Amino acid sequence: PPRVVITATADAAVVCWQVEPGQRIGMHRHPTGQDTWIVLTGEGEYYTEPGGTPQPLRPGVVAVAATGDWHGALNTGSVPLRFVSVVSPAESGFEPLP
């Protein structure tokens with residue numbers, strides 16, 4: 001999905017994501033940092049473990065993946081799912097689910 005980096009320092013990377021209807025962000029983790037999502041528009045499902053029960057995403061929801069936790073999302077709505085992601089520290093690594 002398209003994303004725009006708002007700012008990136010050693011302390012954190014702040015990114016705005018736009019996930020189109022039916023599109024997903026695959027399961028992944030940040031081995032050495034936390035990823036916090038703040039939902040702005042749209043709706044979807046937030047997954048915190050492979051095959052786990054999803055949590056609803058909608059405007060105002062804050063979803064937190066602690067250091068090393070698997071997470072991903074699916075846009076289940078009819079409009080773009082937009083959220084801001086804050087990964088801290090910025091160099092937390094990225095590991096997709098094999």
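User: In β8, which residue is the bridge partner of Tyr47?
Analyst: That's Gly72. Keep in mind that we're looking at a predicted model.

User: And what makes β5 and β8 a pair?
Analyst: Two strands need at least two bridges between them to pair. Strand β5 (residues 44–47) and β8 have 4 bridges, in the antiparallel sense, so they pass that cut-off. Another of the links is Tyr46, whose bridge partner in β8 is Ala73.

User: How do you know that β3 pairs with β8 too?
Analyst: Try the cut-off of at least two bridges again. Strand β3 (residues 24–29) is joined to β8 by 3 bridges, and the two run antiparallel. Ala73 turns up here as well, as the bridge partner of Ile25.

User: Which sheet do these strands belong to, and what is the strand order?
Analyst: They sit in an open sheet of 5 strands, in the order β6-β5-β8-β3-β10, with antiparallel pairing.

User: What makes β6 and β10 the edge strands?
Analyst: Each pairs on one side only, and that goes for both β6 (55–57) and β10 (95–96).

User: Why is β8 described as largely enclosed?
Analyst: A residue is buried when its relative accessible area is under 20%. In β8 (residues 71–75), 5 of the 5 residues are buried, so the strand is largely enclosed by the rest of the structure. In a regular strand the side chains alternate between the two faces of the sheet. Here His71, Ala73 and Asn75 are buried on one side of β8, while Gly72 and Leu74 are buried on the other, which leaves both faces covered.

User: Why is His30 called buried?
Analyst: Its relative accessibility is 8%. The cut-off is under 20%, so that value qualifies. His30 is found in the loop between β3 and β4. Setting aside residues up to four places away in sequence, it touches Asp35, Thr67, Gly68, His71, Val87, Ser92, Gly93 and Phe94.

User: What makes the link between the side chains of His30 and His28 a polar contact?
Analyst: The distance is 3.4 Å, and the cut-off for a suitable pair of N or O atoms is within 3.5 Å. The two side chains therefore count as being in polar contact.

User: What is the order of strands in the other open sheet, the one with β1 and β7?
Analyst: The order is β1-β2-β9-β4-β7, again 5 strands with antiparallel pairing. β1 (3–8) and β7 (62–65) stand at the edges with a single partner strand each, so one side of each has no neighbour in the sheet. From one strand to the next, the twist averages 20°. β1 and β2 (residues 13–19) pair over 5 bridges, and Val4 stands opposite Cys16 in β2.

User: How do you know that Phe83 is buried?
Analyst: Its relative accessible area is 0%, and anything under 20% counts, so Phe83 is buried. It lies in strand β9. Beyond its neighbours within four places in sequence, its contacts include Val15, Trp17, Ile25, Trp37 and Val39. Phe83 and Val15 are 68 residues apart in sequence, yet their C-alpha atoms are 8.4 Å apart in space.

User: Which residues have the most contacts inside the largest nonpolar core?
Analyst: Phe83 is one of them, along with Ile25, Trp37, Val39, Tyr46, Leu57 and Leu81. This core has 14 residues. β2, β4 (34–41), β7 and β9 (81–88) each give two or more, and the largest share, 3 residues, comes from β2.

Terms used:
Residues are numbered from 1 along each chain as its sequence is written. This is a predicted model: local features need pLDDT of at least 70, side-chain atom pairs count only at pLDDT 80 or more; totals for chains, interfaces and linings use all residues. Side-chain values use heavy atoms; hydrogens and water are left out. Axes are lines fitted to C-alpha atoms, for helices over the stretch in contact, and angles run from 0 to 180 degrees between N-to-C directions. A nonpolar core is a set of buried Ala, Val, Leu, Ile, Met, Phe, Trp, Tyr and Cys residues joined through side-chain atoms within 4.5 Å. Buried means under 20% relative accessible area, exposed over 50%, partly exposed in between (1.4 Å probe, protein chains only). Contact means heavy atoms within 4.5 Å. A polar contact is a pair of N or O atoms within 3.5 Å; within protein, one must be able to donate a hydrogen and the other to accept it, and residues adjacent in sequence count only if both atoms are side-chain atoms.
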